[in-house]
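Colleague: Could you walk me through this one and tell me what each term rests on? I would like the reasoning behind the labels as well as the values.

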Protein chains: 2
Amino acid sequence: MDDFLLTLNIEGFTSRLKRLSDYLLYSTRDLYDELDIAIEPNWNLVIRLLQKNQQMTLMEIADQINFSHPAVVKIIKKMKKRGFVKTQPDQTDGRKQLLLLTPKALKQLPQLEQLWQTQITVLTHLLKDSPNFLTELGHIEEQLKQQDYKQRVLTQLEQ
Amino acid sequence: MDDFLLTLNIEGFTSRLKRLSDYLLYSTRDLYDELDIAIEPNWNLVIRLLQKNQQMTLMEIADQINFSHPAVVKIIKKMKKRGFVKTQPDQTDGRKQLLLLTPKALKQLPQLEQLWQTQITVLTHLLKDSPNFLTELGHIEEQLKQQDYKQRVLTQLEQ
DNA sequence: TATATTTGCGTAACCAGTTACGTATATGTT
DNA sequence: AACATATACGTAACTGGTTACGCAAATATA
């Protein structure tokens, strides 16, 4: 079973990217299941943000991690249900809900920290033969921020 | 709006990968919509395979592109409905359905070819400052084929 | 040759993202 | 002060992947 996507070169790029990121996502979920850890992928992003800022609104979180706000709504809803996050109405703005980590989350943090650190170690090892990968990923993100993909293709089509 | 994921370094790796691949997927769908082209992302993979091999079973396709077979079932179902692909029962094996490109697909191929070529041009340009990206992506895929991610983390946790 | 195992592939339910839409509250403008 | 616009955020429907399950046909085995 040789990998047809590789033979497609750049044409296989997007699909390979998705395949890899899906793989990492499902594996991580699987890992947490197997270890009986009651968190899910991406929760670390929210927890890291709330460690840094104490309290944030949902929109601030969405902004900082560049997810759509409904995506964050879903993540927060689960984190709340599992008692990792609580909300506090903003005193000066009735639309806003301030999000905070719960004591339960803080208590579990050392355990999570250790697991995340292990994942970092594994990823670092995985990237050992790919020393430019993260930097170059940054370049790609940067370029797309300058001009979006669809517009690039449309412009190119006019040539 | 600075990008928090970047500050997380390796810890943000998986999420950045997903964010980018999702972005490319949605943009591409959007692009096809806007151009009123009746195909969808990933169809090029199937079409390329069927160009190369004339006829293949669903499982063969799934194998070659490394997708789960239900994923391919869904793609094929749509391609069939839009008349891009037809099926032919295998004479010697009653379980198998041979898949072939239709004349309609062949007729539309030059137009698709031009569009895909434009996308390749744009992606190539996008990767101009990231000359090692594709190679290093290959390294990562290779490593994960040697030992899967979950196992790596579990092993590392025992240390 | 009967039976157990494997294979092809269809369906269902789940998951994590998206866009589109609605509503309540703030904010800006005349 | 009244009204138009913008913002926060919740919900619904869609998408493209996944795993789990089932069944019929083929293949291997006793």
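Modeller: Gladly, and contact is a good place to begin: it means heavy atoms within 4.5 Å. By that rule, 74 residues of chain A are in contact with 74 residues of chain B. This is a predicted model, where local features need pLDDT of at least 70, side-chain atom pairs count only at pLDDT 80 or more, and totals for chains, interfaces and linings use all residues. Residues are numbered from 1 along each chain as its sequence is written, chains are lettered from A and ligands numbered from 1 in the order in which they are written, and side-chain values use heavy atoms, with hydrogens and water left out.

Colleague: What is the area buried between chain A and chain B, and how is buried area defined?

Modeller: Buried area is the accessible area (1.4 Å probe) that two parts lose on being put together, summed over both. For chain A and chain B that comes to about 8,000 Å², with carbon and sulfur atoms giving 67%.

Colleague: Why is the pair Arg19(B) and Glu141(A) called a salt bridge?

Modeller: The term asks for a side-chain nitrogen of Lys or Arg within 4 Å of a carboxyl oxygen of Asp or Glu. The closest N and O atoms of Arg19(B) and Glu141(A) are 3.4 Å apart, so the pair qualifies. The count between chain A and chain B is 10 salt bridges.

Colleague: Which helix of chain A gives the most to the side that touches chain B?

Modeller: Helix 2 of chain A does, with 19 residues; helices here are DSSP runs (H or I, at least four residues), numbered from the N terminus. By class, that side of chain A has 34 nonpolar, 22 polar and 18 charged residues. Ala, Val, Leu, Ile, Met, Phe, Trp, Tyr, Cys and Pro count as nonpolar, Asp, Glu, Lys and Arg as charged, and the others, Gly among them, as polar.

Colleague: What makes Asn42(A) a polar contact of DNA strand C?

Modeller: A polar contact is a pair of N or O atoms within 3.5 Å; within protein, one must be able to donate a hydrogen and the other to accept it, and residues adjacent in sequence count only if both atoms are side-chain atoms. A polar side-chain atom of Asn42(A) lies 2.2 Å from a phosphate oxygen of DNA strand C, so the distance meets the rule. A side-chain N or O atom of Lys78(A) is 2.6 Å from a phosphate oxygen of this strand, and a polar side-chain atom of Tyr26(B) lies 3.4 Å from a sugar or linking oxygen of DNA strand C.

Colleague: Which residues come nearest to DNA strand D?

Modeller: Asn42(B), Ser68(B), Lys74(B), Lys78(B) and Gly94(B), of the 29 residues around DNA strand D; near means that a heavy atom of the residue lies within 4 Å. Lys74(B) has a polar side-chain atom 2.5 Å from a base oxygen of DNA strand D, whereas a backbone atom of Gln97(A) is 2.6 Å from a phosphate oxygen.

Colleague: How many salt bridges are there between domain 1 and domain 2 of chain A?

Modeller: The count is 0, with 1 residue pair in polar contact (both at pLDDT 80 or more). The area buried between domain 1 and domain 2 is about 520 Å². The bounds, 1–36 for domain 1 and 40–126 for domain 2, come from an automatic or database domain assignment.

Conventions:
Helix = DSSP H or I, 4+ residues; strand = E, 2+ residues; numbered from the N terminus.
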